[in-house]
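Open your viewer, switch on the cartoon view and keep the sequence panel within reach. We will go from stop to stop, each time with something to select and something to look for.

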Amino acid sequence: PLVPWSDDLFEKYYDICEELGSGQFAVVRRVVCKATGEEFAAKFIRKRRYATSRRGVTRAHIEREVDVLTEIGGHDAIIRLFAVFETPSEVILVLELVSGGELFDHVCAKECLDEAEAAAFIKQILLGVKHLHSRYICHLDLKPENVMLKRRGETQIKLIDFGLSRRIPPGSQTKDMIGTPEFVAPEIVNFEALGTATDMWALGVVTYILLSGGSPFLGQTRDETFCNITAVDYHFDDCYFHSTSALAKDFIRRLFVRDPRKRATAEDCLRHPWITGPDAEDTVDPRKNAEISIAHIHAFKVRRKWKQAFHVVLLCNRLTRNARIRLEVARKQALIDGRPPQVETRFDPVMDGELLADASD
Ligand code: ATP
């Protein structure tokens, strides 16, 4: 591998600074290289301790993330990996620091956005995805949170979080229930073969949200969302899409195609007029007259924040319920055994997060 794994002490080489973000089993912190003063983002991934545990990430999974990052780094739109450290409990990935925040936060902070600007962002994502797909690497977790900006105030995007990514050559029968429900393609819901087209569906969802603030398949429950996805049941509601250009809708329609073989590829999308913009002889760019409602995108961000908070409340409720059940069982057992009941303090938090179960675990 191009990036060797080191079991040397990480703190010997880097100063560890503030937290930049976190995921289910990883914390990302800003770090500074002691020798050069250069800044990086270090992703501390908790390793799974026992094969039967559901906490932490298996070494095989981390190796896969490292292999993918090693192979695809170097493209402008993709985060770069510089070094890997390993301790008995963690693997630490030293990544390029991305300081511009999430693309959607940047959009929300703007006063106005037209479709030409939105298309320029989608074009950058497409170029990154084309680079991945040319090596048959699928991201498999494309969503707004994983599209960041390299620097604040600048427009260079970076795709992050390759934790679910893998190589899926054409014809492979790789099947898995992974991803974030709102963004998964029908082949994931139906447990059919995945491939590069799976990312293109997710890109359709990202584009739909970026243009409208609405989520195309989101239902009241996870099952309802899945039904909407398999039925390809979505609409361009007037309240969200009244000012959207016909070109933009056509672009999205080519991605929301049930059969992955008929879905537009990254290359097809890069040739689409919504992305390429008007020809030299055209005098008007219809995308420039199509204003995007920042208020709607903002509402989307607020809904997501609420949803995340709701998940935390759910988790806490579940923990209290589990703790109560355990206490009750322990109390009854103590009564049967004729000993005083003990107070139970340990519970096993299994996050009811957004991700579907990874069937390969
Ligand atoms: P998840 O459980 O959501 O899949 P994860 O555990 O795989 O997440 P990442 O998504 O890679 O972790 O990182 C978690 C968060 O850390 C990101 O949402 C982002 O806010 C921040 N982050 C990740 N990589 C970088 C980076 N290179 N520079 C700056 N911040 C980053």
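## Starting at the end of a helix

Select Gly-213: this residue follows helix 6, and its phi is positive, near 80°. Please keep in mind throughout that you are looking at a predicted model.

Now extend the selection backwards to helix 6 itself, residues 196–212. How far apart should the ends of this helix be? With 17 residues at 1.5 Å a residue, helix 6 should span 24 Å, and its end C-alpha atoms lie 25 Å apart, which agrees. Add a surface and you will find helix 6 mostly covered, as 16 of its 17 residues are buried.

## Inside helix 6: Leu-203

Next, pick Leu-203, which lies in helix 6. Is Leu-203 buried or exposed? Its relative accessibility is 1%, so Leu-203 counts as buried. Show its surroundings as sticks: apart from neighbours within four places in sequence, Leu-203 is in contact with Ile-122, Ile-125, Leu-126 and Leu-255.

For a sense of scale, draw a distance from Leu-203 to Tyr-13. The two are 190 residues apart in sequence, and their C-alpha atoms are 38 Å apart in space.

## Helix 7 and its two sides

Move on to helix 7, residues 222–230, and colour Thr-225, Phe-226, Asn-228 and Ile-229, which are buried. Turn the view until you look down the axis of helix 7: the buried residues fall within an arc of 160°, so they line one face of the helix. What do these buried residues pack against? Their partners are helix 5 (186–189) and helix 6, the helix you have just left.

Rotate to the other side of helix 7, where Asp-223 and Cys-227 are exposed.

Just after helix 7 comes Val-232. Its phi is near 45°, a positive value in a residue other than glycine. You will find Val-232 in the loop between helix 7 and helix 8 (238–241).

## Another positive phi: Tyr-136

Jump to Tyr-136, in the loop between helix 4 (115–133) and strand 8 (137–138). Tyr-136 also has a positive phi, about 60°, although it is not a glycine. Tyr-136 is partly exposed, with a relative accessible area of 38%.

## Across the open sheet

Now select the six strands that form an open sheet in the order 1-5-6-4-3-2, with mixed pairing. Which strands stand at the edges? They are strand 1 (5–6) and strand 2 (14–22), each with a single partner strand, so one side of each is left without a neighbour in the sheet.

Walk inwards from strand 2. Six bridges join strand 2 to strand 3, and the two run antiparallel. To see one of the bridge pairs, select Tyr-14 together with its partner in strand 3, Cys-33.

From strand 3 (residues 26–33), continue to strand 4: these two pair in the antiparallel sense over seven bridges. They form a hairpin with five residues between them, and in the turn Gly-37 has a positive phi of about 80°.

Strand 4 (residues 39–46) is mostly covered, with six of its eight residues buried. On strand 4, zoom in on Ile-45, the bridge partner of Ala-26. Ile-45 also stands opposite Val-91 in strand 6. Strand 6 (residues 90–96) runs antiparallel to strand 4, and seven bridges join the two.

## Zooming out, and a word on confidence

Show the whole chain again. It comes to twelve helices and twelve strands, and 47% of its 361 residues are buried. Of the contacts in the chain with a separation of 6 or more, 64% are between residues 24 or more positions apart. The chain exposes about 18500 Å², of which carbon and sulfur atoms supply 53%.

Finally, colour by pLDDT. The chain has a mean of 87, and 84% of its residues reach 70 or more. Select residues 341–354, where pLDDT stays under 50 and the model has 32 contacts beyond four places in sequence. Then select residues 357–361, also below 50 in pLDDT, with 14 contacts beyond near neighbours in sequence. Where pLDDT is low, the predicted coordinates should not be read in detail. For the complex, the predictor gives an ipTM of 0.97 and a pTM of 0.85.

Terms used. Residues are numbered from 1 along each chain as its sequence is written. This is a predicted model: local features need pLDDT of at least 70, side-chain atom pairs count only at pLDDT 80 or more; totals for chains, interfaces and linings use all residues. Side-chain values use heavy atoms; hydrogens and water are left out. Buried means under 20% relative accessible area, exposed over 50%, partly exposed in between (1.4 Å probe, protein chains only). Helices (H or I, at least four residues) and strands (E, at least two) are DSSP runs, numbered from the N terminus. The arc is that of the directions from the helix axis to the C-beta atoms. Contact means heavy atoms within 4.5 Å. pLDDT is the predictor's confidence in each residue, from 0 to 100. Accessible areas come from the Shrake-Rupley method with a 1.4 Å probe; for residues, only the protein chains shown count as cover. The expected span of a helix is 1.5 Å times one less than its number of residues. Two strands pair if DSSP finds at least two bridges between them.
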